[in-house]
Amino acid sequence: MKGPHDVLLVVDVQNDFMPGGALAVPRGDEIVPVVNRLAAAFEHVVLTQDWHPREHLSFAANHAGRQPFETIALPYGEQVLWPVHCVQDTSGAALHAGLEAAHARLVIRKGCRREVDSYSAFVEADRRTGTGLTGYLREHGVTRVWCCGLATDCCVAWSALDARAAGFDVVVIEDACRAIDLDGSLERARAQLDAADVLTMNAAEVLAQG
Ligand code: VGL
Ligand code: ZN
């Protein structure tokens, strides 16, 4: 059992990121039983939910003439335009029904403001506005963040990098994640994680540690 200094951060295990969903991550559903086994081994679990208003600026549909997966310049930098996904309070934004994490203590909802996206569970895409997760984890004495969920090269990687930047030890549990992998984004994310001293492990290794 992983104790009070460890947290399992379960990123965006939501219907819209599952096969058949609005922004499907290939084989995203395969992680659910793995995440469930991990969650059972952690005393402290935190979940995230991508949680956008329907007018969100990350949706291609909200920009005339734009298609999903194009990029545009927003005041805070380049923004990928996505299909409409994880609209607040819709079934697409709901957590996967098979996720077993009843003891999760906190659900961070992110990307809630129309004009700013947030891949990271810690800091919004303006790179200024914190979600409060850093302070919450510090207040609970957490020193190590174990990351899993969707998508490896997007919200998981950004969350892991920000956790590291906030001074936590960070592990990405690779087989409890799946990637979108747009134009080499998975390889780029892996290089950034390596450079930041984020460790990668498999769920079996994590569970074998007890
Ligand atoms: C995500 C793209 C847009 C993710 C969220 O959860 O990785 N990706 N919003
Ligand atoms: Zn999103």
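A search of the whole structure, a predicted model, finds 11 salt bridges. A salt bridge here is a side-chain nitrogen of Lys or Arg within 4 Å of a carboxyl oxygen of Asp or Glu. Local features need pLDDT of at least 70, side-chain atom pairs count only at pLDDT 80 or more, and totals for chains, interfaces and linings use all residues. Side-chain values use heavy atoms, with hydrogens and water left out, and residues are numbered from 1 along each chain as its sequence is written.

Three of the pairs are described here, with the distance between the closest N and O atoms.

| Acidic residue | Basic residue | Closest N and O atoms |
|---|---|---|
| Glu70 | Arg66 | 3.3 Å |
| Glu115 | Arg113 | 3.7 Å |
| Asp126 | Arg113 | 3.4 Å |

Accessibility is sorted into buried (under 20% relative accessible area), exposed (over 50%) and partly exposed (in between), using a 1.4 Å probe and protein chains only. In the first pair, Glu70 is partly exposed at 27%, and Arg66 is partly exposed at 37%.

Arg113 appears in two rows of the table, pairing with Glu115 and with Asp126. Asp126 and Arg113 both lie in the loop between β5 (106–110) and α2 (133–139), so their salt bridge ties together parts that are 13 residues apart in sequence. Helices (H or I, at least four residues) and strands (E, at least two) are DSSP runs, numbered from the N terminus. Asp126 is buried, with a relative accessible area of 18%, whereas Arg113 is partly exposed at 32%. Glu115 is also partly exposed, at 38%. A network of salt bridges links Arg113, Glu115, Glu124 and Asp126.

Technical notes
Chains are lettered from A and ligands numbered from 1 in the order in which they are written.
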